[in-house]
Amino acid sequence: MSSGPAGHVARSTVRPNCETGTGAPLRTFLPTADGVSIDFVYEPGAAVYDADGSSARHPVFVVAHGFTGDVDRPHVRRVASVLARYGAVVTFSFRGHGRSGGHSTVGDREVLDLAAAVDRARSLGHARVVTVGFSMGGSVVLRHAALHPGTVDAVVSVSAPARWYYRGTAPMRRLHWMVTRPEGRLVGRYGFRTRIHRREWDPVPLSPVQAVPRIAPTPLLIVHGDRDGYFPLDHPRMLAEAAAGHGELWLEHGMGHAEHAAGDGLLTRIGDWAVARAG
């Protein structure tokens, strides 16, 4: 399995830059704990830096995209542009996606990608970190917060599954075909710029619903649309029940699935919630 970057120059609305100073835009490749290089973009946004180089007054949002997304997708850039009104923003491409190296494990080892992005966000001077994940990324932010307690200050999970191997909707049956069949993985590679690992999970990772009880006392927000075509409402309700009163649940009327369905108004409310809850 390749662990190097999938290309030498990454295209983005953010110009590649070297880390020349606190608060400067930055695009680079980050190594994960298991040696995969991930494409990483940092934008200062509304962050205000103090004289000592810290940015204690504004959080940094680390955005975890959905399956087949990457940092250059328009819907990911739109999410980043709205959250940038509230602080700095980190976007990155999960392994196997876009210009990142490796192969997608569809939510398992992607926790290591998020951990690398969160660590870099802290190193850039931000005292408060908020993770915001969509669909697959929504499951990853839940598992990351459970497996790495105390590393983030608030967690927002949008359109996430509660349990693994769900095939109850037509979009999820198509996704399972893409992940599990050789011809499906070819479609993923050449149709969606997503390279998918051909091995099954072994062991099966901690599920999102198992992760949620471990997140407390970190503030948690679960967001889901009542017209989500991938995961019906029993998924967010299972997650909220597992939170046992700790997390907040927003069921959004008329909303579909993940980044494409998250309008600017919802993203603004998420930004308001995060700034209020992250301390």
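A residue counts as buried when its relative accessible area is under 20%. The legends below describe close-up views of a predicted model.

**View 1. H224 in strand β7.** H224 is placed in strand β7, which covers residues 220-225. Because its relative accessibility is 1%, H224 counts as buried. Beyond its neighbours within four places in sequence, H224 is in contact with S159 and A160, with F231, P232, L233 and P236, and with W250, L251, E252 and M255.

**View 2. G137 in helix α3.** Helix α3 contains G137. With a relative accessibility of 0%, G137 counts as buried. When neighbours within four places in sequence are left aside, the contacts of G137 are A64, H65, G66 and F94. V111 lies 26 residues from G137 along the chain, and the C-alpha atoms of the two residues are separated by 9.1 Å. V111 is itself one of the buried residues of helix α2.

**View 3. Helix α2 and its surroundings.** Helix α2 comprises 14 residues, 110-123, and its first and last C-alpha atoms lie 20 Å apart, close to the 20 Å expected at 1.5 Å a residue. The buried residues of this helix are E110, V111, D113, L114, A115, A116, A117, V118 and A121. Their cover includes five strands, namely β1 (26-31), β2 (37-43), β3 (60-64), β4 (88-92) and β5 (129-134), together with helix α3 (136-147). Just after α2, G125 adopts a positive phi of about 100°.

**View 4. The nonpolar cores.** In soluble globular proteins, nonpolar side chains tend to be buried together. The largest nonpolar core of this model holds 49 residues, and the members that touch the most others are F40, V62, F67, V90, F92 and L220. V90 touches F40, V41, Y42, V60, F61, V62, V63, A117 and A121, with residues up to four places away in sequence not counted. A second core, separate from the largest, has 26 residues, including L83, V158, L267 and W273. Two of the residues touched by V90, A117 and A121, are among the buried residues of α2.

**View 5. The largest pocket.** The largest pocket encloses about 1100 Å³ of space. Its lining consists of 43 residues, and those nearest the centre are F67, V106, M172, L175 and V179. Two or more lining residues come from each of the helices α3, α4 (170-180), α5 (182-192) and α8 (258-261). Helix α4 supplies the largest share of the lining, with eight residues. By class, the residues lining this pocket are 18 nonpolar, 14 polar and 11 charged. F67, one of the residues nearest the centre of the pocket, also belongs to the largest nonpolar core.

**View 6. The second largest pocket.** The second largest pocket has a volume of about 250 Å³. Eleven residues line this pocket, and H103, R185, I196, H197 and R198 lie nearest its centre. The lining comprises four nonpolar, two polar and five charged residues.

**View 7. The whole chain, for orientation.** The protein contains nine helices and eight strands. Of its 279 residues, 55% count as buried. Among contacts between residues at least 6 apart in sequence, 73% join residues at least 24 apart.

Terms used
Residues numbered from 1 in each chain as written. Predicted model: local features only at pLDDT ≥ 70, side-chain atom pairs only at ≥ 80, totals over all residues. Heavy atoms only, no water. Helix = DSSP H or I, 4+ residues; strand = E, 2+ residues; numbered from the N terminus. Expected span 1.5 Å × (residues − 1). Buried < 20%, exposed > 50% of the residue type's maximum accessible area, 1.4 Å probe, protein only. Contact = heavy atoms within 4.5 Å. 1 Å grid on protein atoms, 1.4 Å probe; cavity = no way out; pocket = protein on both sides within 12 Å on 5 of 7 lines; lining within 4 Å. Points joined across faces, edges and corners; volume = space filled by probe spheres on them. Nonpolar A, V, L, I, M, F, W, Y, C, P; charged D, E, K, R; others polar. Core = buried A, V, L, I, M, F, W, Y, C linked by side-chain atoms within 4.5 Å.
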